[in-house]
Amino acid sequence: MHHQTSLTESQKGVVRRYVEVWRRWRPGIRGFAELERDMENGAKVLADGITVDDRSELPVIVADARDHRFYAAIFDYDDDAIDDITSEELDQLRQYIVFGNGVIPIRKWRRPKPKIEAIVLTPSAA
């Protein structure tokens with residue numbers, strides 16, 4: 001027998017906020033069009049690889065097959081999972097996604113820190 005998930009409104013809110021933040025904070029396009037229907041139908045794996053579990057002791061989202069790093073940053077409290085979001089921003093995003101507190105901080109797109117500093121060569125006066 002397949003266990004159908006039956007998400008509460010607050011659990012659905014977490015999923016919706018996760019998707020909303022993902023769209024604003026991560027590059028790429030994901031097919032979230034079926035999200036609401038999937039939640040209504042009790043699917044365990046929602047639109048575009050988000051796996052949910054309705055047992056209250058767990059975070060409602062238990063995996064994100066399409067973006068493991070973003071999932072880890074939010075739900076595993078891994079500040080190093082994503083290199084272009086500061087830990088302060090992550091704290092704000094977690095508060096917003098998990099508890100519905102505050103607003104989504106505006107995304108400041110940054111390039112990941114370069115691994116090697118560039119060497120600037122200046123022509124020497126002959």
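This tour moves through a predicted model in steps, each naming what to select and what is found there.

**The whole chain**

Begin with the protein chain in a cartoon view, where four helices and three strands can be picked out. Followed from the N terminus, the elements come in the order α-α-β-β-β-α-α. If you then switch on a surface, you are looking at about 8,300 Å² of exposed area, of which carbon and sulfur atoms supply 56%. Of the 126 residues in the protein chain, 40% are buried. Among contacts between residues at least 6 apart in sequence, 48% join residues that are at least 24 apart.

**Helix H1**

Next, select residues 9-25, which form helix H1. H1 has 17 residues, and the distance from its first C-alpha to its last is 24 Å, close to the 24 Å expected at 1.5 Å a residue. Colour its buried residues, which include Gln 11, Lys 12, Val 15, Arg 17, Tyr 18 and Trp 22. If you show what surrounds them, you will find that the buried residues of H1 pack against H2, E1, E2, strand E3 (61-64), H3 and H4.

Now centre the view on Val 15. Which residues does Val 15 touch, not counting residues up to four places away in sequence? They are Leu 7, Leu 35, Met 39, Leu 46, Val 52, Val 60 and Ile 61.

**The nonpolar core**

Val 15 also leads into the largest nonpolar core, which has 31 residues, and in which Val 15, Tyr 18, Ile 61 and Ile 97 touch the most other members. At least two residues of this core come from each of H1, H2, E2, H3 and H4, and H1 gives the most, with seven residues.

**Aromatic rings**

Display the side chains of Phe, Tyr and Trp, among which a search of the whole structure finds four aromatic pairs. Zoom in on Trp 22 and Phe 32, whose ring centres are 5.9 Å apart and whose planes stand at 80°; because planes over 60 degrees apart count as edge-to-face, this pair is edge-to-face. Trp 22 belongs to H1, whereas Phe 32 lies in the loop between H1 and helix H2 (35-40), so the pair ties together parts that are 10 residues apart in sequence. Are Trp 22 and Phe 32 buried or exposed? Both of these residues are buried.

Keep Trp 22 in view and add Arg 30, whose charged end sits over the ring of Trp 22, 4.7 Å from the ring centre. Then select Tyr 18, Phe 70, Tyr 71 and Phe 75, which ring pairs link into a cluster.

**Helix H4**

Move on to residues 87-99, which make up helix H4; this helix has 13 residues and reaches 17 Å from its first C-alpha to its last, close to the 18 Å expected at 1.5 Å a residue. Its buried residues are Glu 89, Leu 90, Leu 93, Arg 94, Tyr 96 and Ile 97, and they pack against H1 and helix H3 (68-75).

Within H4, select Leu 90, which is buried with a relative accessible area of 0%. Leaving out residues up to four places away in sequence, Leu 90 touches Ala 73, Ile 74, Asp 78, Asp 79 and Ile 85. Although Leu 90 and Ile 74 are 16 residues apart along the chain, their C-alpha atoms are separated by 7.0 Å.

Arg 94, also found in helix H4, has a relative accessible area of 4%; because buried means under 20%, Arg 94 counts as buried. Leaving aside neighbours within four places in sequence, Arg 94 is in contact with Ala 73, Ile 74, Tyr 77, Asp 78, Asp 79 and Phe 99.

**Positive phi angles**

Finish with three residues whose backbone angles deserve a look. Tyr 77, one of the contacts of Arg 94, lies in the loop between H3 and H4, and its phi is near 55°, a positive value in a residue other than glycine. With a relative accessibility of 51%, Tyr 77 counts as exposed.

Asp 48 sits in the loop between strand E1 (45-46) and strand E2 (50-52), and here too phi is positive, near 60°, in a residue other than glycine. The last selection is Gly 100, which follows H4 and has a positive phi, near 75°.

Key
Residues are numbered from 1 along each chain as its sequence is written. This is a predicted model: local features need pLDDT of at least 70, side-chain atom pairs count only at pLDDT 80 or more; totals for chains, interfaces and linings use all residues. Side-chain values use heavy atoms; hydrogens and water are left out. Rings of Phe, Tyr and Trp (its six-membered ring) pair if their centres lie within 6.5 Å; planes under 30 degrees apart count as stacked, over 60 as edge-to-face and the rest as tilted. Buried means under 20% relative accessible area, exposed over 50%, partly exposed in between (1.4 Å probe, protein chains only). A charge sits over a ring if NZ of Lys or CZ of Arg is within 6 Å of the ring centre and within 35 degrees of the ring normal. Contact means heavy atoms within 4.5 Å. Accessible areas come from the Shrake-Rupley method with a 1.4 Å probe; for residues, only the protein chains shown count as cover. The expected span of a helix is 1.5 Å times one less than its number of residues. A nonpolar core is a set of buried Ala, Val, Leu, Ile, Met, Phe, Trp, Tyr and Cys residues joined through side-chain atoms within 4.5 Å.
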